[in-house]
Amino acid sequence: MAASPSHLLVVLAVLLLCSTAIPMASSSTTTTVNVTSFGKAYTKVCDADRFAEMGLNMSAFPYCDASLPYADRVRDLIGWMTVEEKVGNLGDISHGAPRVGLPPYKWWSEALHGISSTGPTALFDDLHSKPGNHSGRATVNNATVFANVINSAASFNETLWKSIGQAVSTEARAMYNLGKGGLTYWSPNINVVRDPRWGRALETPGEDPFVAGRYAVNFVRGMQDIPGHDTGSGGDPSTRPIKTSACCKHYAAYDVDDWHNHTRFKFDARVSERDMAETFLRPFEMCVRDGDASSVMCSYNRVNGIPACADARLLSGTIRGDWQLHGYIVSDCDAIRVMTDNATWLNFTGAESSAASLRAGLDLDCAESWIEEKGRPLRDFLSEYSKAAVAQGKLRESDIDSALRNQYMTLMRLGYFDNIPRYASLNETDICTDKHRSLAHDGARQGIVLLKNDGNLLPLDPEKILAVAVHGPHARAPEKVMDGDYTGPPCRYVTPRQGISKHVKISHRANTTIYLGGINLHIEREGNDREDLLLPKNQTEEILHFAMASPNPIILVILSGGGIDVSFAHKHPKIGAILWAGYPGGEGGNAIADVIFGRYNPGGRLPLTWFKNKYIQQIPMTSMEFRPVPEKGYPGRTYKFYDGPEVLYPFGYGLSYTKFLYETSTDGTSVTLPATGGHCKGLSYKPSVATTPSCQAVDVAGHACTETVSFNISVINGGGRGGAHVVLLYTAPPPEVAQAPIKQVAAFRRVFVPATSTATVPFTLNVCKAFGIVERTAYTVVPSGVSKVLVENGDSSSSVSFPVKIDFSL
């Protein structure tokens, strides 16, 4: 179908008025997202000078009329486009429509923990080449590299998460203004870490779906929110202006990369409806509903036989229908080709896979278009095959229009067409600022977890211990060890050895030894799951050697994303202290040294259970069940369901240089909820339960859910050193309910408590959200009976709990 007759008349009139022919610029002539073929950078599409350069009169195109509603402008823009032009904008390097003034746009940018050079859009200049400057107004060699997400998650600090998002989005807008970056970022990764072997644990907020969801909400709000713009025009959230666009990925049930020849490209995640609702979907629902994310990325894998990127129930039904996404849905990179060539789903052709994905609700294809062949980008799958799908009658042009509508509404909100004045002046001076580097430094410190500290070996006093010996493969760690994955060049890079040397002299003859070991991206990364949970054998041997040779107990610092079985070190009397530093980013060396030498009191808590290595013999990675499977001998997954042998370090574990205790004046409370219309849900009870209440549970979806439980927790610092402490609060369902979680995180707060002082931390829990559980029918219900609130210290030395009795009025 061609463009409408009225639009063709306007184009003809423009041609008659303009003496210059309309240039048919291709995307290959554009080196950045907003530099024209004439070499001039523009920060908005609707710039009259830019149109004039192309021989066009901007006023002839209503999509550039800023007085019109976004929806009308987008409708006009799409109306100008031919089918060929439409399909050319379905991939991550969209071709635009130069004939009507729309330039190409590069969608693919990453900002997992700072602006990343992954993908085609962010263009960092090379310090070592001449001239070394991509087209644009200024040279940009670096950006702030924050600690990896698993580190930030260990802080359990929502304020930190949002602040990192705000800093990253500021640097992103600056890069865009300079012609060196885009506005759409495919971060964060909020997949729950179901299995300790998963190679991408470092990219995620850990194993708890509520924590992952709260991370998503805060990081996305930091990336997107503009002060004073809580809603869009007329209260329409689909028109709310946003600073940059964030994307929650990978949806859904994605957590196998490559394990014993089970690859993410062919893996079929067989998941129960309960596990989907309870774990896999919950962070994404929070990301979309509470974070108002403007994008979701669907994953490579199949879910119960259907590729995630072609599942209409998951995409159109759930994301857009149930959760009301205000934005676009993008495929993981090459996922449409993967379902055709790797998964060979239903033996679909390229046209059939493209049609199925667009009909299911996909809006954009991240594909191989960023890889060049003979000087020209390879075409993405949707652009290659969607036109054929229309010609073959497998796809309607209106399906393509729907996808483009979601894309361009997002770009309108970003100011891509009109700019956002408050960010127009951001430039190279807003990247790698002292404030951002300080935030990266502090964030890395907040995420460090103290796992062992026998005899209060740490912190070391640099005035008494004048020299230390530093050993281990990560002492002089190259950038990829400290920075992890999805990263750009850091503002500066401080190794652990450099950080330590700022405090004391480094000498092989010193009586105190610090060993920096762990794993790296050769062992855990995207596309590679772990074979075991152990340190490399040579490191274990080295650590034991230095421990025995040292006159004093040594300090072990572990760099890793996932947990490592260091049972040998935890039990060894000559290994006095163990720190987990994750992958702490560009400022990581300073952060590690600050903790070791007492400039910072560690307050991090593990966002992952650290299992012992025998766990990998107990359950295959491909088993998707969270609950124990007794007939197969599977012990269950994550702290919520694991019932096997003792773990090395439990979820939420973490020590401090001081001692924290809890108190609460609450000894219990009761709540009565109305069972609307007398509608009660059933529960599964343990066989030993003889009698059950007449109303066993109520469905959360059919309830107003306004009831709350409020209380205070007093955090007492009983030591002589101030420090941050994470108050981690769980709820436990009535013990008679079968197959319920052992406990689940309901809230958390990070507070600073001065030495010998007390901090009072108030909590108000929504009864439905905090005490709701997912029944086997996949309903979320509030169970009748006595649930419990638990507050557990990171070192298990102090905890408080009290009952909450829940009844229903019929």
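Me: Where does Q739 lie?
Reply: In this predicted model, Q739 is in the loop that runs between β23 (723-732) and β24 (744-753).

Me: What is the sign of its phi, positive or negative?
Reply: The phi of Q739 is positive, about 60 degrees, although Q739 is not a glycine. For context, most residues other than glycine have a negative phi.

Me: And is Q739 buried, partly exposed or exposed?
Reply: Q739 counts as partly exposed, because its relative accessibility is 46% and the partly exposed class lies between the 20% and 50% cut-offs.

Me: Where is T344, which also comes up for its phi?
Reply: T344 sits in the loop between α11 (335-341) and α12 (350-360). Its phi is near 45 degrees, a positive value in a residue other than glycine. With a relative accessible area of 41%, T344 is partly exposed.

Me: Changing topic: which residues does the cis peptide bond with omega of about 10 degrees join?
Reply: That bond joins Y251 and A252. A252 is found in the loop between β3 (248-251) and β4 (258-259).

Me: What about the cis bond with omega of about 0 degrees?
Reply: That one links L458 and P459. P459 belongs to the loop between β13 and β14. As background, most peptide bonds are trans.

Me: β13 and β14 again; what is the strand order in their sheet?
Reply: The sheet is open and has six strands, in the order β13-β18-β17-β16-β14-β15, with mixed pairing. Its edge strands are β13 (449-453) and β15 (505-506), each of which pairs on one side only.

Me: How do β14 and β16 pair, parallel or antiparallel?
Reply: Strand β14 (residues 467-471) and strand β16 (residues 513-518) pair in the parallel sense, over three bridges. As an example of a bridge partner, H471 has Y515 in β16.

Me: Which elements cover the buried residues of α20?
Reply: The cover includes three helices and three strands: α15 (434-447), α16 (479-483), α17 (496-501), β16, β17 (554-559) and β18 (575-580). The strands β16, β17 and β18 also belong to the six-stranded sheet.

Me: How many residues of α20 are buried?
Reply: Nine of the nine residues of helix α20 (residues 588-596) are buried, so the helix is largely enclosed by the rest of the structure. Among them are G588, N590, I592, D594 and I596. Just after α20, G598 takes a positive phi of about 80 degrees.

Me: Moving on, which strand holds T708?
Reply: T708 lies in strand β22 (residues 708-717). At 43% relative accessibility, T708 counts as partly exposed.

Me: What does T708 touch?
Reply: Leaving aside residues up to four places away in sequence, T708 touches T764, L765, N766 and V767. The C-alpha atoms of T708 and K769 are separated by 9.6 Å, and these two residues are 61 apart along the chain.

Me: How many bridges join β22 to β25?
Reply: Nine bridges join them, and the two strands run antiparallel. Within this pairing, S710 stands opposite T764 in β25.

Me: Which side chains of β25 point to the buried face?
Reply: Along strand β25 (residues 758-766) the side chains alternate, and A759, V761, F763 and L765 point to one face and are buried. T758, T760, P762, T764 and N766 point to the other face and are not buried.

Me: What is the order of the open sheet with three strands?
Reply: The order is β6-β8-β9, with mixed pairing. The edges are β6 (268-269) and β9 (306-307); each has a single partner strand, so one side of each is left without a neighbour in the sheet. Strand β8 (residues 302-303) runs antiparallel to β9, with two bridges between them. V303 has I306 in β9 as its bridge partner.

Me: Stepping back, how many helices and strands are there in the protein?
Reply: There are 23 helices and 29 strands. The radius of gyration is 28 Å, close to the 28 Å that the globule rule gives for 810 residues, so the protein is as compact as a globular protein of that length.

Me: What share of the residues is buried?
Reply: Of the 810 residues, 62% count as buried. About 29400 Å² of the protein is exposed, and carbon and sulfur atoms supply 51% of that area.

Terms used. Residues numbered from 1 in each chain as written. Predicted model: local features only at pLDDT ≥ 70, side-chain atom pairs only at ≥ 80, totals over all residues. Heavy atoms only, no water. Helix = DSSP H or I, 4+ residues; strand = E, 2+ residues; numbered from the N terminus. Rg over C-alpha atoms; globule rule 2.2 N^0.38 Å. Buried < 20%, exposed > 50% of the residue type's maximum accessible area, 1.4 Å probe, protein only. Areas by Shrake-Rupley, 256 points an atom, 1.4 Å probe, with all protein chains shown as cover. Pairing = 2+ DSSP bridges. Contact = heavy atoms within 4.5 Å.
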